Structures are given as structure tokens and as C-alpha cells.
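This briefing looks at how a ligand is held by a protein chain and at a few places where the backbone departs from the usual pattern. Please read it alongside the sequence and the structure shown here.

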Amino acid sequence: MRIDVVTIFPSYLAPLREALLGRAIDRGLIEVAVHDLRDWTHDVHQAVDDSPYGGGPGMVMKPQVWGEALDSVIGPVIDSPARLVVPTPAGRPFTQQLAHEWTSAERLVFACGRYEGIDQRVVDHYAQRMPVDEVSIGDYVLVGGEVAVLVMVEAVVRLLPGVLGNPRSAAEDSFSDGLLEGPAYTRPEVWRDLPVPPVLRSGDHAAVDRWRRDRALERTARLRPDLLAALPPDALDEADRAV
Ligand SMILES: CC(C)N1CCN(Cc2ccc(Cn3ccc4ccc(-c5n[nH]c(N)c5C#N)cc43)cc2)CC1
């Protein structure tokens, strides 16, 4: 998978070259290129924004600059294998399911807006030619799209074959069975008078599996009852319902 990011703050994307993602790049599992939007300006001030039509606070990012940048980065749009992703507070929710869907994309091109966002005609123009996703990483307001891109790239890349050391990790993600994950423990056996639940040291794998499922159901009911309500009718067995 090739990932391109266009931004006025390239250094914001430096974490893409660290740790797990950096190793995925080094191993050739992904290619990552970060582009400075201002490279496609032609004025001495390198202007990327202008006042909003219709008035209102703040500035809007200019379509001309974005058009030149994305034409250059995406290349000939016809039959492009790329998806254009535009983070925005006004987007559809970015979810684990969407992360999985994007793992089949040959290319992901992220357009990081700032100010009050990017002139809508940029999305409208490219949506006529390729898949465009306007997505939000959550119901809170950021200052720009860069942090959202870091979140989304990590969520997608970790799902790619070979990236995670243990493939079971991605397969058994939180939300993979519709529930939140239960608690995890490691040594020491007792820490500040708090013991590890004895069942986890029992060696009884069936009992451990049941205990973990019960804790996941309890946690989901407490913190995310909406996830429980969204489960298909046959998702919970009799033992689950007893929790
Ligand atoms: C006038 C008045 C009533 N308006 C009311 C609505 N406000 C919405 C508004 C607010 C801030 C920004 C800053 N910004 C620029 C590009 C950009 C990309 C993503 C995000 C972003 N924020 N939160 C997320 N989950 C995001 C994602 N993904 C934020 C971005 C852009 C837009 C703007 C002001």
C-alpha cells in the first residue's frame, strides 16, 4: 500500500516513520510520502487560504492549490487505484470496519485541511473521478486534519498482513466481536496488594475464556451499551445473557 499525505505541516506527520509504522516502511510493507501543500503555490506569500464566501469566521483553503497538489500526487485520475481521504469534523465516523475496508486500497491519499477546512469543490471535483471519503475520527473538534491522519493510518496499516508480529492481535481486536476488550494482567502476581484474578493462573483454558468473555460483556454494558444493543440477536448465548 502506498500512502500519500498532503499538508501545510509536514513535520506533524513525522510519527509515521517511527516504531511499528516505521518498521513497516523499512520492510517494504508500505510506502509513505508526505507533501507540503505550499510546494504548489505560486505567489510570494505561498497563500493557501482565503476569506469564506458568504462571510463567517476564519479562512477556507483555496481550491486551486489543492487541485494542483492532488493532480500531481494522485496522477492520472482515470483508473487510479487511489482513494482520497479528507478528514473533517463534518465527516462520517471513521470505524474499525472502515479501516478494514481501506486495507484493500492500493493507494490512500490524505488531504489534511486547516483553518475552517478545504473549499468543498475540491471534494466535489475528485468525487466525480475516484472514491472520496470525508471522515471524522470523533465528535470533538481539532485544529486540522493531521492528527486524524495519524490515527487512521495507524488503524489501517496495523491490519495489513505482516505488520503486526502476532496476526491474532488484529483478528482479536476490540470491536472484532462487537464487544470491548476485558482487563489484561501480567507479572507480578500481586502488585500493591492487588492480585491477578486466580482464574487466569488456573491453567483451565475454558474457564479463562469464559471469565474473559464475562468481563468483556460487563465492561461493554457499563461503558458502551450501544455496542451491546447493536449486536445481532444470535451473538449472545445463554451464558452471555446470564452476565
Ligand atoms: C463558523 C462556525 C459555526 N463553524 C462551526 C463548525 N466548525 C467546524 C470546524 C472546526 C474545526 C476545523 C479545523 N479543521 C480544519 C481541517 C480539519 C480536519 C479535521 C478536523 C477534525 N476535527 N475533529 C475531528 N474529529 C476532525 C477529523 N477528522 C478539523 C479540521 C474545521 C471546521 C467551523 C466553524
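**Backbone and ligand briefing**

Helix α1, which covers residues 19-26, contains alanine 19. The model is a predicted one, and the points below take up its backbone geometry and then the surroundings of its ligand.

**Residues with positive phi**

- Most residues other than glycine have a negative phi, and most peptide bonds are trans.
- Alanine 19, although it is not a glycine, has a positive phi of about 50°.
- Alanine 19 counts as exposed because its relative accessibility is 52%, and the cut-off for that class is over 50%.
- Tyrosine 115 is likewise not a glycine, yet its phi is positive, at about 55°.
- Tyrosine 115 is placed in the loop that runs between β6 (107-111) and α4 (120-127).
- With a relative accessibility of 35%, tyrosine 115 counts as partly exposed, since this class takes in values between the 20% limit for buried and the 50% limit for exposed.

**A cis peptide bond**

- The peptide bond that leads from arginine 187 to proline 188 is cis, and its omega is near 5°.
- Proline 188 itself belongs to the loop between α6 (167-171) and β8 (190-191).

**Polar contacts of the ligand**

- The ligand has 19 residues around it, and those that come nearest are Glu116, Ser136, Gly138, Tyr140 and Leu142.
- In the case of serine 136, the side chain supplies the N or O atom, which is 3.1 Å from a nitrogen atom of the ligand.
- For glycine 138, a backbone N or O atom lies 2.9 Å from a nitrogen atom of the ligand.
- Leucine 142 also takes part through its backbone, where a polar atom is 2.9 Å from a nitrogen atom of the ligand.

**Burial and composition of the shell**

- The ligand taken alone exposes 700 Å², of which the protein buries 70%.
- Two elements, β5 (82-93) and β7 (132-136), give two or more residues each to the shell around the ligand.
- Strand β5 provides the largest share of this shell, with three residues.
- Sorted by class, the shell around the ligand is made up of eleven nonpolar residues, six polar residues and two charged residues.

Note on methods: Residues numbered from 1 in each chain as written. Predicted model: local features only at pLDDT ≥ 70, side-chain atom pairs only at ≥ 80, totals over all residues. Heavy atoms only, no water. Near = heavy atom within 4 Å. Polar contact = N/O pair within 3.5 Å; in protein donor to acceptor, adjacent residues only side chain to side chain. Areas by Shrake-Rupley, 256 points an atom, 1.4 Å probe, with all protein chains shown as cover. Helix = DSSP H or I, 4+ residues; strand = E, 2+ residues; numbered from the N terminus. Nonpolar A, V, L, I, M, F, W, Y, C, P; charged D, E, K, R; others polar. Buried < 20%, exposed > 50% of the residue type's maximum accessible area, 1.4 Å probe, protein only.
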